Amino acid sequence: MNLCIDEGNSSLKIAVFEGESIVFSNTYNEIDFHELSRIIKEFKIEYCILSSVVETNTLLIDFLINNTEEFINLTHTTLLPIANNYKTPETLGKDRLAAIVGASTILPATDILVIDAGTAITYDFIDASGKYHGGNIAPGIEMRLKSLHQFTQKLPLLPVNCDVEILGSDTSSAIQAGVLYGIVFEIDGYIERLMLKYPKLSVFLTGGSAVCFDNKLKNRIFANKNLVVTGLNRILKYNVQSR
């Protein structure tokens, strides 16, 4: 059994894999060591991998080292089943890297764009030969709503509205629609531009805000909420098998 932990900016996702299949997964607002201990004992965890985009949590790392047979803290030096062409691998987000590996695990030998719609929206591309070329980072939906409020004097701070019409009928709906559909058109634009060079491009959409966009895009996509942990499991297995 493999334990994969994705520590993001606002939540912690835990998944247990038996081979390629997820047998348990859950998302938490914070680390619960009692819950972690229960999972490790219940599923008889042997190997564990952690991907974190926040400050190093030595308590969590020490706990995992002491409670599993083998622990991998994903860094830019970790062995990968893909070729990483990023010029500054030490600055590459671990979640971006894991999502790319996850997508290429699901659809090997395929040109893939991975879009992760979370606190930020990331766009990452891997070609059919398994070479990761890099990608872009843009503000997420909540970040854009907060920016409109913070950098103006009169625009209100509004919640995300995934069901707003394409044109606002008042200031509130104009803000919500402007942010939501601005991202929709942004995503479609990336897809269409890449398809000019890679006509067989496949697109994966993941992340906490993905539900707001998957039914609004005109291009065909694969929505997969487990892309990052799927990639972590692949990286973990690759490292275990390489020893």
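Is E35 buried or exposed at 18% relative accessibility? In this predicted model, local features require pLDDT of at least 70 and side-chain atom pairs count only at pLDDT 80 or more, whereas totals for chains, interfaces and linings use all residues. Residues are numbered from 1 along each chain as its sequence is written, and side-chain values use heavy atoms, with hydrogens and water left out. With 18% relative accessibility, E35 counts as buried; the term buried stands for under 20% relative accessible area, exposed for over 50%, and partly exposed for what lies in between (1.4 Å probe, protein chains only).

E35 also offers a good way into the charged pairs. Side chains of opposite charge can pair when their charged atoms come close. A salt bridge is taken here as a side-chain nitrogen of Lys or Arg within 4 Å of a carboxyl oxygen of Asp or Glu, and by this rule the count comes to six. One of them joins the side chains of R38 and E35, at 2.9 Å from N to O. Both residues belong to helix α1 (residues 33–42), where they sit three residues apart, about one turn of the helix. Helices (H or I, at least four residues) and strands (E, at least two) are DSSP runs, numbered from the N terminus. R38 also meets E42 in a salt bridge, with an N to O distance of 2.3 Å. This second pair likewise lies in helix α1, with four residues from one partner to the other, about one turn of the helix. E35, R38 and E42 are thus linked in a network of salt bridges. R38 counts as partly exposed at 34% relative accessibility, and E42 is partly exposed with a relative accessible area of 48%.

Another salt bridge brings together the side chains of E186 and R144, at 3.1 Å from N to O. Because E186 lies in helix α5 and R144 in helix α4, the pair ties together parts that are 42 residues apart in sequence. R144 is buried, its relative accessible area being 19%.

Turning to the strands, pairing is assigned if DSSP finds at least two bridges between two strands. Strand β1 (residues 2–7) and β2 run antiparallel and are joined by six bridges, with E7 standing opposite L12 in β2. The two strands form a hairpin that has four residues between them. On to the next pairing: β2 and strand β3 (residues 21–28) also run antiparallel, joined by seven bridges, and A15 stands opposite S25 in β3. These strands form a hairpin as well, with two residues between them, and G19 in the turn has a positive phi of about 70°. Strand β2 (residues 12–18) is mostly covered, as six of its seven residues are buried.

A further set of strands makes up an open sheet. Six strands take part, in the order β6-β9-β8-β7-β10-β11, and the pairing is mixed. β6 (83–84) and β11 (222–223) stand at the edges, each with a single partner strand, so one side of each is left without a neighbour in the sheet. Two bridges pair β6 with strand β9 (residues 131–139) in the parallel sense, and K131 in β9 is the bridge partner of A83. Within the sheet order, β10 comes between β7 and β11. S202 lies in this strand, β10 (residues 202–206), and counts as buried at 14% relative accessibility. Contact means heavy atoms within 4.5 Å; leaving aside neighbours within four places in sequence, S202 is in contact with L107, T110, D111, I112, L113 and F222.

Helix α3 (residues 94–106) is largely enclosed by the rest of the structure, because 10 of its 13 residues are buried. Among them are K94, R96, L97 and G102. From first C-alpha to last, α3 reaches 18 Å, close to the 18 Å expected at 1.5 Å a residue, where the expected span is 1.5 Å times one less than the number of residues.

At the surface, I166, L167 and F185 make a nonpolar patch of about 360 Å². Patches are made of residues with over 30% relative accessible area and no salt bridge, like charges being joined within 9 Å and nonpolar side chains (Val, Leu, Ile, Met, Phe, Trp, Tyr) within 5 Å. Accessible areas come from the Shrake-Rupley method with a 1.4 Å probe, and for residues only the protein chains shown count as cover. I166 lies in the loop between α4 (141–150) and α5 (171–197) and, at 48% relative accessibility, counts as partly exposed.
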